[in-house]
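Subject: Structure handover

Hello,

Here is the structure for you to look through. Please open it first, then read my notes below.

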Amino acid sequence: MLLSGNQYEKNGGAWGYVILLYVIMQVARAVVVVVLYPILIHLGYGMNWKEATVIVWSGLRGAVSLSMALSVNHASNDLHHLKSQIGTSFLFFTGGTVFLTLVVNGSSAQFLLSIFGMDKMTGKERCILDLTKRRMFKKTQNECEALLGDHGEDVDWSTVKGYMNCVKFLESSRPHQENVLEIDDVMSKIGLKDTRVRFLNVLRASYLRMLNEGKINWTTANALIRSIDEATDLASLGVLCDWEILKSQIQFPRYIGYLQSTPCMQKLAINLAAKRLQSACHTSVAFVEGHKIARSLLVEFLGDIEVTSAVINESVAEEKEAGQFLEGFHVTFPQVLRVIKSSEVAYKLLNDLCDYVETMDKHGLLEEKVAVHLRDIVQTDMKKLSRRPPSLEIPEARDVINLHHLLGTLTSRVRKNLESSMRPSIVPCHTLLCGKGCMPNGIWLIQNGVVKCDAKISPNKNSSHLTLSQGTIVGLYEVLAQNPCIYDVSTDTVVFCYLIEAKKFLSVLGTNLGVEELFWKESLFVISRLMLSLTFERRRMQEFRTSVGESLVMHTRVAGDVLQITNGSIGVLLQGSVRSQDAPGRTIASPALLLSSHSGNVVLTVETSGVAESSFCHFGSEYQIETSKARIGVFDISTLESFRAQSPAVDTNLM
């Protein structure tokens with residue numbers, strides 16, 4: 001290399017090295033693409049040899065290397081161990097290769113695409129182009145016909161026509177006739193997959209518009225667009241699946257359950273769970289709105305053709321599933337939907353105020369300072385809504401107790417002791433709280449959500465199901481009687497509840513017999529409702545509690561006492577064991593239904609209830625107490641008959 005300052009001007013060999021370095025870079029890039037070509041053709045969207053050639057030739061290079069060369073050149077002036085000549089050489093060779101890349105590769109890239117025919121539209125793209133042009137021509141025709149009546153005499157239509165070259169190609173010797181290409185011919189070339197992809201593209205644009213307008217945040221938009229990307233890849237395999245993909249993303253995460261099991265992380269877990277529920281609801285609302293917009297735009301563009309109808313039907317089916325998901329929120333977590341709707345209403349009102357101020361300012365009705373002031377105060381509220389949107393508030397244990405139909409009637413001392421023992425918990429859907437034959441570790445006060453109790457009565461009969469919702473105390477009977485569960489208790493939805501450990505609950509009861517009697521009475525409603533669930537499976541728990549409570553009488557007996565169940569009554573053995581006089585060799589353990597031998601089958605039959613074959617139901621005229629203490633509740637069958645006949649049917653999913 002030359003030592004003078006103008007060494008590159010006097011020595012042509014340096015320029016030769018630049019050209020050689022440029023050629024080596026092209027060869028190296030080609031070698032890398034050729035070696036990886038067998039892998040690249042099977043990854044992502046695949047690759048053919050034409051695309052591989054374009055990658056080799058058109059990949060612009062040098063932006064990073066040029067900036068690094070500038071850094072080396074600058075450092076060579078300050079460092080003693082790095083000569084300035086080396087820094088200058090770095091900059092010269094890097095700049096030369098970058099220049100050749102831009103001039104040679106950049107200027108010839110379009111020519112290469114033309115040779116391979118990669119810049120030409122495909123047949124499907126030409127169909128869409130023809131269709132769009134035809135829509136433009138039709139729209140222009142309609143506008144001209146509308147304007148002809150208003151300004152027809154004052155308009156030089158030949159002059160207007162001279163500026164409408166974009167639709168002039170569609171004109172023919174027969175005015176207002178479309179003879180270039182029939183629309184039906186164009187539509188026949190549009191396949192179902194292309195229509196799905198087009199629908200998903202419209203849907204993506206709808207989500208991005210919601211994001212720009214501030215209706216959804218980045219987290220929601222990211223989940224929605226990710227579902228679009230995955231559904232686009234699967235468009236050729238079947239129906240639209242963006243809801244299935246989205247549903248897997250908004251499901252309640254299991255790690256929150258693990259955080260709740262850690263005492264120091266319980267509050268954090270509750271807050272995370274509440275935000276996740278709110279995010280899932282917000283995402284579902286945006287999904288439904290986006291699909292409605294996309295369907296409308298797709299039909300407007302393509303018309304009511306076969307492929308459009310097929311995709312529309314797929315979208316409607318997905319929207320229906322999302323609607324059911326939101327309906328579950330409406331029933332089990334109404335406060336979540338209330339938060340979302342409140343945020344939407346606040347945004348709409350503030351957005352309308354912004355538009356009003358802009359309109360008044362545009363028409364000159366406001367002075368500049370007044371307009372600026374009004375914009376500032378409205379934008380301040382908009383920023384507040386964006387940064388701190390309404391959030392789901394977890395109710396305090398004190399409020400839950402005071403509003404509860406049973407706990408609210410207790411003395412203030414008992415309520416305070418219960419409050420200190422309650423631990424909030426949000427349980428994911430389909431989580432087993434207590435298995436059949438197991439002892440529960442406490443009682444669950446259901447605040448939001450639905451819990452399902454499933455007891456398999458007989459292999460030849462359907463399972464007995466009971467759904468319990470807000471206000472129900474699950475596990476109460478088992479803790480009071482110290483009996484294992486006779487059914488599987490699991491969450492049917494995401495459930496927000498308060499857990500009270502069994503030991504703490506029993507210690508709160510202490511020797512307060514009046515309070516204990518109230519809880520025994522409440523436990524009777526739940527356990528008898530379960531054993532009669534096949535007969536009254538479509539009735540609300542509150543209605544059952546009211547009907548049974550009208551005639552309920554609680555009995556506490558000791559060993560040797562005899563209890564007679566009169567005709568038309570049902571006894572529920574809650575604690576202890578008894579022996580029927582009709583079957584003296586058989587001991588009946590709690591829990592059990594005790595009926596008179598002469599009750600007949602007014603309510604309970606094998607066909608209607610399924611309990612006659614189970615170990616829960618027993619017939620006899622008199623029952624003798626076997627244990628030191630037994631607790632039995634008795635109520636009239638007539639109340640159940642009236643309850644069964646008069647109460648309207650209710651969907652168990654909404655209980």
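The protein chain has 24 helices and 17 strands. Keep in mind that this is a predicted model. Of the 655 residues in the protein chain, 41% are buried. Now look at contacts between residues at least 6 apart in sequence. Of these, 76% join residues at least 24 apart.

Start with the annotated spans. The unreviewed UniProt entry gives the annotation "transmembrane region" to residues 15-40 and 90-116. What does the model show for residues 15-40? That span is 100% helix and 0% strand. Its end C-alpha atoms lie 36 Å apart. Residues 90-116 are also 100% helix and 0% strand. There, the end C-alpha atoms are 36 Å apart.

Next, a helix pair. Two packed helices are described by the angle between their axes and the distance between the axes. Take helix α19 (residues 412-421) and helix α21 (residues 502-509). Their axes come within 10 Å and cross at roughly 170 degrees. Angles over 145 degrees count as roughly antiparallel, so α19 and α21 are roughly antiparallel to each other. Which residues make the contact? From α19 come V414, N417, L418 and S421. From α21 come K504, F505 and V508. By class, the contact of α19 with α21 has four nonpolar, two polar and one charged residues.

Now the sheets. Strands of a sheet pair through backbone hydrogen bonds, either parallel or antiparallel.

One open sheet has five strands, in the order β9-β17-β11-β14-β15. Its pairing is mixed. Which strands sit at the edges? They are β9 (553-558) and β15 (617-619), and each pairs on one side only. From one strand to the next, the twist averages 30 degrees.

Spend some time on strand β17 (residues 629-636). β17 and β9 run antiparallel, joined by six bridges. M554 has G633 in β17 as its bridge partner. V558 has K629 in β17 as its bridge partner. β17 also runs antiparallel to β11, again with six bridges. On that strand, R631 stands opposite Q575. Is β17 enclosed or open to the outside? Six of its eight residues are buried, so β17 is largely enclosed by the rest of the structure.A helix meets this sheet too. Helix α22 (residues 513-531) lies across β9, β11 (569-575), β14 (592-595) and β17. It runs at about 115 degrees to β11.

There is also an open sheet of four strands, in the order β10-β16-β12-β13. Its pairing is antiparallel. The edge strands here are β10 (562-564) and β13 (587-589). Each of these pairs on one side only. Neighbouring strands of this sheet are turned by 35 degrees against each other on average, direction ignored.

How many bridges pair β10 with strand β16 (residues 622-625)? There are three, in the antiparallel sense. Find Q564, then look across to β16: its bridge partner there is E622.

Best wishes

Conventions:
Residues numbered from 1 in each chain as written. Predicted model: local features only at pLDDT ≥ 70, side-chain atom pairs only at ≥ 80, totals over all residues. Heavy atoms only, no water. UniProt positions renumbered as here; feature names shortened; annotations may be inferred. Helix = DSSP H or I, 4+ residues; strand = E, 2+ residues; numbered from the N terminus. Axes fitted to C-alpha atoms, helices over the stretch in contact; angles between N-to-C directions. Parallel < 35°, antiparallel > 145°, perpendicular 65-115°, else oblique. Contact = heavy atoms within 4.5 Å. Nonpolar A, V, L, I, M, F, W, Y, C, P; charged D, E, K, R; others polar. Pairing = 2+ DSSP bridges. Buried < 20%, exposed > 50% of the residue type's maximum accessible area, 1.4 Å probe, protein only.
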